[in-house]
Amino acid sequence: MQEFICQTSANPSLFSAEGFVGLIFLVTIGLIVAGALVATCARRLVRSVAGLALCFTGVAGMYYFLLAPFVAMMQMLIYVGAVAILIAFAIMMATPEEGDLPGRRISALAGPLGFATGALLFAALTVLAIRTPWQVFPREGSADMKHIGTVLLTSHSMVFELISIVLLIAIIGALVLARRGRN
Amino acid sequence: MHLLNLYNCLNTYLVVGALLFGFGIYGLVSRRTIIGMLISSELVLAAASVNFMAFNRFTAPDPAVGQIFTLFIMAIAAAEAAIAVSIVIAVYRNYKSIDTEDIVDLHG
Amino acid sequence: MSAYWNDVFGGAKSLAIGLSITAREFFKPVITMQYPWEVPEIPERYRGHIELVKNEKTGKPKCICCGMCMRSCPSGCISLVGKKPEGEKKKVLTKYELDFTKCSLCGSCIESCNFGAIRFSKDYNLASTRKEDYVFDLLKRLEEQG
Amino acid sequence: MTVPIQCRPDEVFVLNLGPQHPATHGVLRVKLTMDGEYIVKAEPVLGYIHRMHEKMAEAGSFAQFMPNTARMDYLHALAYNHGYVLAVERAAGIEVPERAEYIRVITVELNRLSSHLLWWAAFLLDLGGFTPLLYAFDDRERILDLLERITGSRLTYCYFRFGGVYNDIDDEFIAGTRDFIKRLRSRLPRMYHDLVTHNIILIKRLKDIGFITPEQCRKYGATGPVARGSGINYDVRKNEPYSVYPEFDFDVPVYTECDSMARYMVRMDEIEQSLRIIEQALDKLPDGPVKAKKVPKILKPAAGDYYAAVEAARGAFGCRLVCDGGKSAYRLKLRSPTFSNLSLFGEVAEGMLLADALAFMGSLDLVIPEIDR
Amino acid sequence: MDTSIWRPIIYLVCFMAFAGLNAAYLGWCERKGAGRIQRRTGPMEVGFHGLLQPLADGLKLMTKQLLVPEGVDQILFRIAPILAMIPALTSMVVIPFSDNIQGRAVELSVLMLFALASIGMIAILIGGWASANKYAVISAARAVSQNLAYEIPMLLTVITIVMITGSMNLQDIAMDQQGGFWHWNIFRFDKSIFMPVSFLIFFICSVAETNRAPFDMAEAESELIAGFMTEYGSMGFGLFMMGEYLNIVVGACLTTILFLGGWSCPFGLFPGVWWFLIKIYILIFTFIWVRWTYPRTQVYKLLNLSWKILIPFSMVNLLVTAAFIKVF
């Protein structure tokens with residue numbers, strides 16, 4: 001199976017440093033799967049948000065494994081610290097009462113249909129990912145913070161500007177939308 | 001390829017990304033409330049980020065570009081969440097519900 | 001705008017003054033009393049529950065069982081019984097009970113007594129979990145006091 | 001500032017503040033209809049410690065009701081004693097010796113000080129400042145020690161009698177009171193004003209919060225510092241003088257800002273005025289008996305309708321006594337100031353934030369047993 | 001076997017002990033300090049001057065029944081206190097107590113502390129929500145909006161420090177300030193004339209971030225009883241309290257490293273961990289001192305303070321620092 005891109009093909013023991021790291025990685029995957037499961041299947045929306053936060057924490061751990069600690073930290077800060085909390089706030093403000101989710105009216109089909117679609121997509125993507133012989137390019141830059149900063153402000157400065165504009169528009173839009181209710 | 005060596009393989013990350021994507025799609029279809037759909041769409045975005053980061057780590061020539069893209073996705077996700085949450089609140093004010101089936105008036 | 005700067009600087013100053021006051025208090029001696037180890041001095045007129053006064057000569061209570069205290073009490077917490085022993089003119093107190101659960105320590109009984117037969121005690125540290133403990137037999141108490 | 005809010009009924013929720021809540025000083029229950037942190041409607045619910053004081057007055061003799069008066073407002077018990085004693089004295093036509101009147105004024109004002117100090121402490125506790133409580137209690141304890149020396153009790157004094165007071169005061173009490181006045185005067189600017197009154201956090205929390213118009217005061221019959229903080233210059237001691245108050249030179253602090261800060265300032269100024277009154281009373285204290293002679297043990301006032309009002313720490317306390325010639329009152333109506341002051345709460349608290357409403361409630365200086373009587 | 005795995009674990013255990021003792025004895029310090037300020041004695045009965053009081057309290061909390069009220073979200077209710085505790089504990093790992101005492105030298109340790117703090121926020125939110133108590137929900141909403149509002153000036157201030165040092169590593173930031181107190185960031189007038197102001201802003205923000213008085217909106221007992229902890233008893237409450245005290249320790253450590261030169265001596269002599277400890281305990285004492293001096297602010301006034309005063313000031317400071325660095 002040469003199409004696997006594995007940086008090392010060693011077979012570490014569970015009690016070596018590498019094995020321990022591998023174990024932590026498995027825990028990370030577990031976090032992601034459990035979080036995603038809770039986020040999509042929990043009946044209470046608050047639990048979904050908790051699951052989402054869990055899943056994001058796992059994803060942050062995964063970024064750490066992908067040698068991008070900065071992105072991992074940002075993932076925690078932005079997703080766990082901001083997005084999840086924002087959604088939890090929305091639930092507090094916009095849920096009439098807990099537990100009024102029985103009786104799925106016309107959407108009885110939605111669950112199975114969704115599951116089928118999701119499973120199909122997952123299977124297709126997995127097969128695609130495994131079957132494709134990914135081409136590896138030689139490394140040119142380093143992945144440290146300084147390099148990211150330089151790139152962000154030179155060759156990719158447009159992205160940086162765009163992010164700020166998008167965020168500004170989002171702030172203004174959110175204010176306009178949410179403020180209207182209270183006079 | 002060993003269970004404890006998974007973290008060095010590109011495919012692991014791609015499969016996890018696909019899994020997140022699948023969960024996201026499942027949630028998007030099956031959830032009835034806007035907030036539930038919002039949560040699912042965050043999962044989809046996370047899946048995309050994971051893929052970006054994985055390719056960035058294993059195949060891309062410049063390892064900064066993928067990270068910048070992921071940061072960009074994060075900003076988009078945050079903006080999306082902010083807008084979506086304010087829409088949820090606005091909708092809730094008008095319809096007293098966040099159930100997608102109650103908001104049929106939006107069909108225009 | 002000047003109000004803004006006033007808030008910022010005046011506010012910061014007021015906060016600093018507050019901190020300086022509490023800092024000074026920090027180094028001053030303690031003023032509280034460590035109650036079970038130190039006890040406060042009970043003033044002369046302290047109104048505890050009532051107790052009977054002894055006639056110094058006879059060693060018997062001064063009470064002549066007129067019942068004025070009983071009648072003047074707003075909450076009816078005093079009950080006393082006096083008996084006339086054989087061959088005596090005066091009644092002798094045989095039972096004097098104070099139901100302290102009802103007493104509001106107003107002192108009406110003491111004021112109504114023309115003979116100075118009852119007075120306020122200095123008991124302040126009463127504690128019990130049973131209400132029966134607060135029905136005092138004052139006659140017995142007087143005897144115990146010796 | 002209060003902003004009128006329009007919201008639909010299903011967006012609000014009901015929050016029961018009390019009867020067991022750290023901010024309600026006792027067993028007051030306020031039913032709050034909230035929209036988020038904004039109060040849509042506030043409804044005080046009373047009656048948790050109603051003890052039928054007025055009915056009890058009809059059951060016992062006049063003297064037997066005396067201890068009850070101290071149990072209404074236990075923080076300014078002597079003023080309530082005073083009001084009741086005044087009404088009965090008016091009914092029975094008892095003359096009070098001058099020394100007794102002076103002693104009454106001294107003790108009532110000392111008691112007012114202790115009440116204001118406790119209000120200050122508890123108010124700061126409502127606002128989340130714990131330390132000032134202990135500083136105020138340091139001073140208050142000294143007042144209680146003084147009063148305990150002469151009355152024998154620390155809270156429910158029951159010191160006044162028809163036609164005088166229970167016991168004379170002694171030189172040690174006078175010296176102690178003078179020391180205390182000096183002490184409090186020296187502590188007021190630093191421990192009270194510098195630490196708290198000028199504190200920016202406190203000012204920000206009290207300024208423009210709890211706006212009571214003079215009209216609202218009149219409508220609900222608010223008196224005392226609440227009315228004086230809204231610019232109504234009404235003090236029973238000045239407007240309907242009783243006892244020997246006309247002989248003293250003191251001011252009635254009035255603030256026209258109508259907010260919580262104004263009420264706070266009124267009380268802080270009243271502390272200084274009370275100190276002035278006590279000082280003058282101690283200087284002018286005449287000799288003589290402290291009890292009128294020939295006050296019958298069982299009073300039987302002539303049939304009629306009598307009224308006496310005093311200025312208690314929380315406002316005008318009125319005592320209306322209807323006698324039918326018997327040895328107990330035919331009817332005793334007690335007008336307690338806090339009841340009127342609390343009635344304001346519902347109207348003023350509408351549209352307020354929860355935190356502001358509690359600061360406002362603290363500035364009303366509520367004593368719940370007095371509301372329920 | 002590579003010792004590098006065990007090093008963080010050993011440190012974690014040590015820091016857990018340090019943190020646990022700190023949390024317990026900070027409670028004692030708080031009570032004693034409050035007592036002294038109020039001219040009382042504070043705890044006196046258990047042990048010499050009440051020194052065993054924290055143990056007695058801990059024992060009491062641990063032996064009490066864990067009450068889970070009816071109607072709460074069982075799982076979230078139980079998870080929340082643990083979740084409040086873990087990030088505070090984990091934060092200790094990246095804090096350098098001295099040049100050689102550090103659990104794990106993380107390159108982005110400043111960022112990591114903030115990332116972990118966001119978990120604490122989620123914990124409060126979940127705890128408040130799961131309690132199914134109106135007071136708890138209001139309190140959780142308040143706490144989180146307060147934390148979010150104060151994170152902005154805090155991060156802006158941290159960015160100035162990061163700009164000055166050119167590193168996000170706490171170790172580097174502390175190393176940069178070695179020597180006398182004139183090297184400390186608080187007195188770096190050559191980098192920005194507003195550094196003391198910036199220190200003040202950071203300190204205020206850390207008070208607010210740890211939900212301490214005068215910013216203890218979440219636990220405003222006169223308004224919200226005990227806030228998000230209303231329904232918690234026994235060790236659930238205990239864990240929340242421990243998390244709170246740990247956050248104070250972390251906040252004090254962060255302030256010390258960012259502004260007060262970490263483990264350096266004010267006179268440039270014998271730098272070492274003791275200086276670090278002295279500094280953090282002075283800061284913690286200041287936390288206690290501030291708490292027992294002021295009344296509580298009001299939630300909107302608090303947000304105003306952040307948006308109208310702290311954020312503009314820290315932004316100006318950021319710009320001034322950038323200009324200074326560019327010019328000099």
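**Exercise 1. The side of chain E that meets chain C**

How many residues of chain E are in contact with how many residues of chain C? Work through this interface in the predicted model.

*Solution.*

Step 1. Count the residues. On the chain E side there are 17, and they touch 19 residues of chain C.

Step 2. Size the interface. The size of an interface is often given as the accessible area lost when the parts come together. For chains E and C, the buried area is about 1,700 Å². Carbon and sulfur atoms give 65% of that area.

Step 3. Find the main contributors in chain E. Arg36(E), Arg39(E) and Tyr294(E) lose the most area to chain C. Together they make up 41% of what the chain E side buries.

Step 4. Look for charge pairing. The rule finds one salt bridge across this interface. Arg39(E) and Glu25(C) form a salt bridge through their side chains, with an N to O distance of 3.3 Å.

Step 5. Add the polar contacts. Twelve residue pairs are in polar contact between chain E and chain C, both residues being at pLDDT 80 or more.

Step 6. Map the elements. In chain E, α1 (3–37), α10 (273–291) and α11 (299–327) each supply at least two residues of the side that touches chain C.

Step 7. Sort that side by class. It holds nine nonpolar, three polar and five charged residues.

**Exercise 2. The interface of chains A and B**

Which chains share the most contacts among the seven pairs of chains in contact? Describe their interface.

*Solution.*

Step 1. Pick the pair. Chains A and B share the most contacts of the seven pairs.

Step 2. Count both sides. Chain A brings 106 residues into contact with 81 residues of chain B.

Step 3. Give the area. About 8,000 Å² is buried between chain A and chain B, and 75% of it comes from carbon and sulfur atoms.

Step 4. Check for polar links. The count of salt bridges between chain A and chain B is zero. The count of residue pairs in polar contact, both at pLDDT 80 or more, is also zero.

Step 5. List the helices on the chain A side. At least two residues each come from α1 (17–41), α2 (45–65), α3 (69–94), α4 (110–131), α5 (145–153) and α6 (157–179) of chain A. The largest share, 16 residues, comes from α1(A).

Step 6. Sort by class. The side of chain A that touches chain B has 72 nonpolar, 25 polar and nine charged residues.

**Exercise 3. Chain B on its own terms**

What elements does chain B contain, and which chains does it not touch?

*Solution.*

Step 1. Read the elements. Chain B has three helices and zero strands. From the N terminus on, the order is α-α-α.

Step 2. Check burial. Chain B has 108 residues, and 69% of them count as buried.

Step 3. Check the surface. The accessible surface of chain B is about 3,200 Å², with 70% belonging to carbon and sulfur atoms.

Step 4. Check the contact range. Take contacts in chain B between residues at least 6 apart in sequence; 56% of these join residues at least 24 apart.

Step 5. Rule out neighbours. No contact joins chain B and chain C, and their closest C-alpha atoms lie 31 Å apart. Chain B and chain E do not touch either; their nearest C-alpha atoms are 14 Å apart.

**Exercise 4. Salt bridges, buried or partly exposed**

How many salt bridges does the structure hold over all chains? Then place three of them.

*Solution.*

Step 1. Take the total. There are 43 salt bridges over all chains.

Step 2. Start in chain C. Asp133(C) and Arg130(C) form a salt bridge at 3.0 Å, N to O. Asp133(C) is partly exposed, at 35% relative accessibility. Arg130(C) is partly exposed too, at 47%.

Step 3. Move to chain D. Glu311(D) pairs with Arg228(D), with the closest N and O atoms 3.1 Å apart. Glu311(D) sits in strand β6 (residues 304–312) and Arg228(D) in helix α9 (residues 224–228), 83 residues apart. Glu311(D) is buried, with 0% relative accessible area. Arg228(D) is also buried, at 0%.

Step 4. Finish in chain E. Glu30(E) and Arg212(E) form a salt bridge, their closest N and O atoms 2.7 Å apart. Glu30(E) lies in helix α1 and Arg212(E) in the loop between α7 (195–209) and α8 (221–224), so the pair ties together parts that are 182 residues apart in sequence. Both residues, Glu30(E) and Arg212(E), are buried.

Step 5. Return to chain D for the network. Salt bridges with shared partners join Glu109(D), Arg112(D), Arg228(D), Asp235(D), Arg237(D), Glu270(D) and Glu311(D).

How values were computed:
Residues are numbered from 1 along each chain as its sequence is written. Chains are lettered from A and ligands numbered from 1 in the order in which they are written. Side-chain values use heavy atoms; hydrogens and water are left out. Contact means heavy atoms within 4.5 Å. Buried area is the accessible area (1.4 Å probe) that two parts lose on being put together, summed over both. A salt bridge is a side-chain nitrogen of Lys or Arg within 4 Å of a carboxyl oxygen of Asp or Glu. A polar contact is a pair of N or O atoms within 3.5 Å; within protein, one must be able to donate a hydrogen and the other to accept it, and residues adjacent in sequence count only if both atoms are side-chain atoms. Helices (H or I, at least four residues) and strands (E, at least two) are DSSP runs, numbered from the N terminus. Ala, Val, Leu, Ile, Met, Phe, Trp, Tyr, Cys and Pro count as nonpolar, Asp, Glu, Lys and Arg as charged, and the others, Gly among them, as polar. Buried means under 20% relative accessible area, exposed over 50%, partly exposed in between (1.4 Å probe, protein chains only). Accessible areas come from the Shrake-Rupley method with a 1.4 Å probe; for residues, only the protein chains shown count as cover.
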